[in-house]
Amino acid sequence: MSASLRLVLPLLLTLSAVSCKSSEGNQEPLIMPAEGARAKIVDKGEPAETPKRIALVMKTLTNPFFVSMERGAHRAENELGIELLVRTHGDETAIEQQIAIVKKLIREGVDAMAVVPGNSTEMIPVVKEAQSAGIAIVNVDNRFDPETAHEWGLDGIPFVGVNNVEGARIAAEYLAGQLTLPAQVAIIEGDPAAYSSHERKQGALEGFAAVAGVDVVAVETAHWNIEKAREAAARIFEKFPDVRGVFCANDIMALGVIRFLEESGKHQSVLVTGYDAIEEARAAIRSGKLLATVDQRPDVQGYTGVKFAARLLAGETLPRETYIDVELVTAASLEEEKP
Ligand code: ALL
């Protein structure tokens, strides 16, 4: 090797290393002789796009319903190559916490949010703030109150969820059909601040009204909470010991009512229905403690919510309302599911 080659060889090796490392899949040389003495790096590839950041704002992961929703959302994340930020707070009714979460996401500058509001009215101002900051919004599972949303100018937000009136009606009608009539029944509502709770109460009333001889003697809220449902059941049965059926607006509350019925030895004579079809509720149906529940596919809701957020970011116009089918889950339907 000549002396001059020995001197330039390390330099050549360095240059070729740079060229190989950066030119994956690119035929063009990356290091080009430049005007003057300096070499210039030319990037011929597309600029690497940073993935869109989409937040899923739910209520609480203490309810398995939202764990399933999160699973669906991650499926969308993997398919779309976006970055998903999942945010939840401690308690379903702690709305200040959910407001603070959205405020923080605005500061963090996320591109879009799929929001399950814990409170259908109180979340509206902060979500409007997010929209005004240019963040694309999708409403999942629990609707914003339409009137309040309109007052705040939060219009045109696509909604993904189920027809809760329909789901509750099916469950209540099925429950009524299993009773020896005439019979007294009760309704345990979710948090009245949630639009879905009103819809389910309305659906349950419609379902019970459809069967002659069914008398709704009590409607109480237990705020989606197991212990509050146990206490509400205690109050109802104290006052109306002949109640034979209880419709509950979610499974967690149905489990609370069942707890009370077992403690008080009434579980053989009272039928209970829930809503959500969480694993614990399916198990309770199999063991004969729960009559039925409603599957509202939270995984599909989470998946679709995130996917819609990405489609909004891509400039698409989406339908105002997208409904996922509800399905009644009973001992018979679980039997059919068996392989
Ligand atoms: C509703 C959901 C579920 C859940 C409830 C509790 O929005 O649809 O039924 O159980 O929230 O937060």
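**Helix 2 against helix 11**

I began with how helix 2 and helix 11 sit together in this predicted model. Helix 2 covers residues 64–80 and helix 11 covers residues 298–313. I read an angle of about 40 degrees between them, with the axes 6 Å apart. The angle falls outside the classes for roughly parallel, roughly antiparallel and roughly perpendicular, so I call the pair oblique. The crossing of helix 2 past helix 11 is right-handed.

I then listed who makes the contact. Helix 2 contributes residues including Phe-65, Phe-66, Met-69, Gly-72, Ala-73, Ala-76 and Leu-80. Helix 11 contributes, among them, Pro-298, Val-300, Gly-302, Tyr-303, Gly-305, Val-306 and Ala-310. Charged side chains appear too, including Glu-70, Arg-71 and Arg-75 of helix 2 and Asp-299 and Lys-307 of helix 11. The tally for this contact is 11 nonpolar, five polar and six charged residues.

**The six-stranded sheet**

Next I looked at what these two helices lie on. I traced an open sheet of six strands, in the order 4-3-5-6-7-13, with parallel pairing. Strand 4 (83–87) and strand 13 (321–323) are the edges, each pairing on one side only. Ignoring direction, neighbouring strands are turned by 20 degrees against each other on average.

I checked one pairing inside the sheet. Strand 3 (residues 53–57) and strand 5 (residues 112–115) run parallel and are joined by four bridges. Leu-56 faces Ala-114 of strand 5.

Back to the helices. Helix 2 lies across strand 3 and strand 4, and its direction makes about 165 degrees with strand 4. Helix 11 lies across strands 3, 4, 5, 6, 7 and 13. Against strand 6 (136–140), helix 11 runs at about 160 degrees.

**Helix 3 against helix 4**

I took a second helix pair. Helix 3 (residues 95–108) and helix 4 (residues 124–132) pack at about 10 degrees, and their axes are 9 Å apart. An angle under 35 degrees counts as roughly parallel, so this pair is roughly parallel. From helix 3 I noted Ile-99, Val-102, Lys-103 and Ile-106, which meet Val-126, Val-127, Glu-129 and Ala-130 of helix 4. This contact holds six nonpolar residues, no polar ones and two charged ones.

**Strand 10 and its partners**

Is strand 10 buried or exposed? Six of its six residues (243–248) are buried, so strand 10 is largely enclosed by the rest of the structure.

I followed its pairings. Strand 8 (residues 183–189) pairs with strand 10 in the parallel sense, over five bridges. Ala-186 stands across from Val-246 of strand 10. Strand 10 is also joined to strand 11 (residues 271–273) by three bridges, again running parallel. There, Gly-245 sits opposite Leu-271.

**Gly-177**

I stopped at Gly-177, in helix 6 (residues 164–177). Why does Gly-177 count as exposed? I found 12 C-beta neighbours inside 10 Å, and 12 or fewer makes a residue exposed. I also paired Gly-177 with Val-211: they are 34 residues apart in sequence, yet 7.4 Å apart in space, C-alpha to C-alpha.

**Whole chain**

Last, I noted the totals. The protein chain has 12 helices and 14 strands. Of its 339 residues, 45% are buried. I also looked up contacts between residues at least 6 apart in sequence: 74% of them join residues at least 24 apart.

Definitions and conventions:
Residues are numbered from 1 along each chain as its sequence is written. This is a predicted model: local features need pLDDT of at least 70, side-chain atom pairs count only at pLDDT 80 or more; totals for chains, interfaces and linings use all residues. Axes are lines fitted to C-alpha atoms, for helices over the stretch in contact, and angles run from 0 to 180 degrees between N-to-C directions. Helices (H or I, at least four residues) and strands (E, at least two) are DSSP runs, numbered from the N terminus. Angles under 35 degrees count as roughly parallel, over 145 as roughly antiparallel, 65 to 115 as roughly perpendicular and the rest as oblique. A crossing is left-handed if the near helix is turned anticlockwise from the far one by less than a right angle, and right-handed if clockwise. Two residues are in contact if their C-beta atoms, placed from the backbone, lie within 7 Å. Two strands pair if DSSP finds at least two bridges between them. A residue is buried if 20 or more other C-beta atoms lie within 10 Å of its own, exposed if 12 or fewer, and partly exposed in between; C-beta atoms are placed from the backbone.
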